[in-house]
Amino acid sequence: MKYKLLAASILATMSTSALSATYQLTELGALEGAKYSYVTDVSESGHIIGIANGLYNLPVDIEHIDFSLSLIQNAYTNEVNAFKLKDKEITFTLEDIEKNNAVATNADAHSFMIRFLANVSANYQFQKLSSLTAIKYDSGAAVEQTLFDINTPDYPGVTRSVTNFYNAVAEDGTTVGWGSAPFDKIEFTIEEETDPKPWFTRDFIERGIIISESGMEVPLVPQFSEYGGTSQASDIVKTADGYIVVGNMSLGIPQTRQTNITDNCDDKYQPFSTCIEVINNQTTRGIFNKQATKWTLDNAFNITSTEVLGLAFTPYEDEVDFAFISNAFAVNKNGIAAGVSNTRYYDKDTTIITMPVYFKDGKAVEFINQPDGWQGGKSLAINDNNIVTGYATRRVDGALRNKFFYHDIATGTTVYPDSYFTSSSSYGNSINNQGYIVGEGEVGISDSSRRSAAFIYKIGDDKITNLNDLLPCYDMDGTSSYGYSMSEAKVINENNEIFGVATKTVEKRNSLGEVVTDVNGKTEYESVAVAVKLSPIPNGTIEDCAPPDAEVYERRSASFSWYGLLLLPLIAFRRVFRF
């Protein structure tokens, strides 16, 4: 369930004064060949899943590229100029890439090609690459889960063209997530031309999947599967009879989207599936009507029922030209789900926004009071007491900020606890049955210096507690500053262990995975994200890390000595669900 597991209290047996307990941080392991690692879910029985990003040695298929094209020639000229601005001489030519295998031996050439392909990602005549993959943690090691990716004849290994999101794990190790289909290189001849050229196409944009502990895979085919359709799987709960899985799926396509496809996708100037991709990417909310869905499976992984959970509003009869979307991110053992839905803005009937909701008794229920200034957000977790947490969005001090909340379905009350400071954005990621919420909030004096710090909050308390305050001040040598900064808390289990993401400083590596040195031959360093577990230390005490007479920025908890590392781009993978 998406607190994100059955998760009980981090401090369930401790009094308020016991918040002085400290924690031991342990890395969970990293995927070999990847720079960053993240936790997405943990089961009470110890199964841990996550995501790795920043893969080294991404395969570049140069065979499909015409190096005489002005597109890549101009990109190379810009690269040469960028080197000159740094008083450096470029170390490769386009001929080195085309004929001398420079992408495998020259990190500058490899990095250039990766960036070039990323910059032309909307052009389907070029290879598609993704640096994001799913992983399972097992005894200190991370093992890749390729989901929908397949081996390719164009280079060794899988295509690396898919984007995988590994979201939840049940008590028996059954997992759910979603991903894209792999891109396939085909030959296509544009009308009025004679020579076929490579194009990259795929069968579907996104598809949910269930994977048993033994490796059995059950793709979640959407109700509307024309043009590939879409589906996502975000959470799973093990029941006596089988499983409950929630996410969303495509139900149909609006009339204007269909007309657009009919008028433009004629297989003359681009493959049909490419035309679908282009229209979907260029259209607000995509081409499909998608709604939150709950699948019920038996113990043999047969889908026994599929329930569409609905929208938080009723579209008008003349609103057939717009795609409307809802999504379920979490479900508890009672079968109540939490997520988001399109809905109407309270004082502008024609304006559609996305708000946190829960799904119960066949209805999508919006509970955030829009007239108070709230204009967006997501419900991310729900416990077995039917208390929802997540975040809602409104304007604070002139800027849109996210504020974490908890909502009691039974009483209908919604509470927005104080963050680290008034304009700090905060997110409730997980809630357990004892009412402890973990997540993260912004720290930092100015917008440019803001970064994320993990917290724990107990329902009924008047403040959040920065988890970095519960870690040591110093490394094992007793003098060096502690090497980790907890950025994000994702999961808390019955053993009072917290799983999340920390940053630490390591030797910098280039896109080939080689250690980087400066012009003087000295090793350079960088901050990376690592998946970690925090284990409580019995009878521990909070250490005062502030040096004597240090000026400390006033906030709800913790000192800034915890935040020497820059925040990495975790947000891109924390809440990536697209509508």
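This is a guided tour of selected helices, sheets and salt bridges in a predicted model, arranged as a series of selections to make in the viewer.

**First stop: helices H1 and H4**

Select residues 70-85, which make up helix H1, together with residues 107-119, which make up helix H4, and look along the place where their axes come within 11 Å and cross at roughly 130 degrees. Because angles over 115 degrees and up to 145 fall in the oblique class, H1 and H4 are oblique to each other, and their crossing is right-handed. To see the contact itself, show the side chains of Leu71, Ile72, Ala75, Tyr76, Glu79 and Phe83 in H1, which meet Asp108, Phe112, Met113, Arg115 and Phe116 in H4.

**Second stop: helix H2**

Now select residues 94-99, which form helix H2, and display Glu95 and Lys99, both of which lie in this helix, four residues apart, or about one turn. These two residues form a salt bridge, with the closest N and O atoms 3.9 Å apart. How accessible are the two partners? Glu95 is partly exposed, with a relative accessible area of 46%, whereas Lys99 is exposed, with a relative accessible area of 58%.

**Third stop: helices H5 and H6**

Move on to residues 255-264, helix H5, and residues 272-282, helix H6, which pack at an angle of about 140 degrees with their axes 10 Å apart. That angle makes H5 oblique to H6, and the crossing of H5 and H6 is right-handed. On the H5 side, select Asn260, Ile261 and Asn264, and on the H6 side select Phe272, Cys275, Ile276 and Ile279, since these are the residues through which H5 and H6 meet.

**Fourth stop: the sheet S24-S25-S26-S27**

Colour strands S24, S25, S26 and S27, which form an open sheet in that order with antiparallel pairing. Which strands stand at the edges of this sheet? The edge strands are S24, at 426-431, and S27, at 465-466, each of which pairs on one side only. Zoom in next on strand S26, residues 451-458, which is joined to S27 by two bridges, the two strands running antiparallel. For a particular pair to inspect there, select Phe455, whose bridge partner in S27 is Asn466.

**Fifth stop: the sheet S1-S30-S29-S28**

A second four-stranded selection brings up S1, S30, S29 and S28, an open sheet in that order, again with antiparallel pairing. Strand S1, at 22-27, and S28 stand at the edges, each with a single partner strand, so one side of each is left without a neighbour in the sheet. Neighbouring strands of this sheet are turned by 40 degrees against each other on average, when direction is ignored.

Within the sheet, follow S28 and S29, which pair in the antiparallel sense over six bridges; one position to pick out is Ser485, whose bridge partner in S29 is Thr503.

Then select Ser535, which lies in strand S30 and, at 16% relative accessibility, counts as buried. Leaving aside residues up to four places away in sequence, Ser535 touches Thr22, Tyr23, Gln24 and Glu497.

**Sixth stop: salt bridges around S28, S29 and S30**

Keep Glu497 on display and add Lys533, because the side chains of these two residues meet in a salt bridge at 3.8 Å, N to O, which is within the 4 Å cut-off. This pair links distant parts of the chain, with Lys533 in strand S30 (residues 525-537) and Glu497 in the loop between strand S28 (485-492) and strand S29 (498-507), 36 residues apart. Are the partners buried or exposed? Lys533 counts as partly exposed at 23% relative accessibility, while Glu497, at 16%, counts as buried.

Next, select Glu524 and Lys508, which form a salt bridge whose closest N and O atoms are 3.8 Å apart. Here too the pair links distant parts of the chain, and both residues sit in the loop between S29 and S30, 16 residues apart. Glu524 is partly exposed, with a relative accessible area of 26%, and Lys508 is partly exposed as well, with a relative accessible area of 31%.

**Last stop: a salt-bridge network**

To finish, select Asp61, Asp154 and Lys185, which are joined into one network by salt bridges that share partners. A search of the whole structure finds 18 salt bridges.

Notes. Residues are numbered from 1 along each chain as its sequence is written. This is a predicted model: local features need pLDDT of at least 70, side-chain atom pairs count only at pLDDT 80 or more; totals for chains, interfaces and linings use all residues. Side-chain values use heavy atoms; hydrogens and water are left out. Buried means under 20% relative accessible area, exposed over 50%, partly exposed in between (1.4 Å probe, protein chains only). Two strands pair if DSSP finds at least two bridges between them. Axes are lines fitted to C-alpha atoms, for helices over the stretch in contact, and angles run from 0 to 180 degrees between N-to-C directions. Angles under 35 degrees count as roughly parallel, over 145 as roughly antiparallel, 65 to 115 as roughly perpendicular and the rest as oblique. A crossing is left-handed if the near helix is turned anticlockwise from the far one by less than a right angle, and right-handed if clockwise. Contact means heavy atoms within 4.5 Å.
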